[in-house]
Amino acid sequence: ARPWQQTSKMAASGEAGRRGPILDTWRTYPDVTPEQMKAEAERQAIKGKLRAAMQQKLRDPYAVGNIEDPAMARWYYVRNHQFDNFKATPKTSFIGLMFGVGPVAFFVWLFYRDRKNMKRDWVNGIGRNKASTVSF
């Protein structure tokens, strides 16, 4: 008999009801546990529901309701809660200082030095005819 024509012991004994021939998953996939099979069946059911909702939306774009995509829900959750579990490490602290405090400190120093040089030139009577370090 061909694999798709074989029935399991449960189906052969009549316990399976009127479902007809069933593949014996233990012979087909001997390394898969029943928990893994159940999880895969649940994932396939979710995919089937999502596929049906997408097809409905394609057939009738004015249909009311939202399509609940679990992957998108997870993505939005991670995007909106990314700092809930943030842990400061030396690397993240260094990056924060370099890109947060560093540029501000640099511009403060630049304007301070330019102002100091301009006052020195005024005291010496040189004037400030040349272009300043910081000129807008």
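Start by selecting Phe106, which is partly exposed, with a relative accessible area of 43% (partly exposed lies between buried, under 20%, and exposed, over 50%, using a 1.4 Å probe and protein chains only). What you have open is a predicted model, where local features need pLDDT of at least 70, side-chain atom pairs count only at pLDDT 80 or more, and totals for chains, interfaces and linings use all residues. Residues are numbered from 1 along each chain as its sequence is written, and side-chain values use heavy atoms, leaving out hydrogens and water.

Now add Phe107, also partly exposed, at 45%. Next, go to Trp75 and Tyr76. The structure holds four aromatic pairs (ring centres of Phe, Tyr or Trp, with its six-membered ring, within 6.5 Å; planes under 30 degrees apart are stacked, over 60 edge-to-face, the rest tilted). The rings of Trp75 and Tyr76 have centres 5.2 Å apart and planes at 70°, so this pair is edge-to-face. Back at Phe106 and Phe107, the centres lie 5.4 Å apart and the planes at 70°, so this pair is edge-to-face. Add Trp109 to your selection: ring pairs link Phe106, Phe107 and Trp109 into a cluster.

Zoom out to the whole chain. How many helices and strands are there? You will find five helices and zero strands (DSSP runs: H or I of at least four residues for helices, E of at least two for strands, numbered from the N terminus).

Finally, colour by pLDDT, the predictor's confidence in each residue, from 0 to 100. Among the elements, helix α5 (residues 90–124) has the highest mean, 91, and helix α1 (residues 9–12) the lowest, 50. Where pLDDT is low, the predicted coordinates should not be read in detail.
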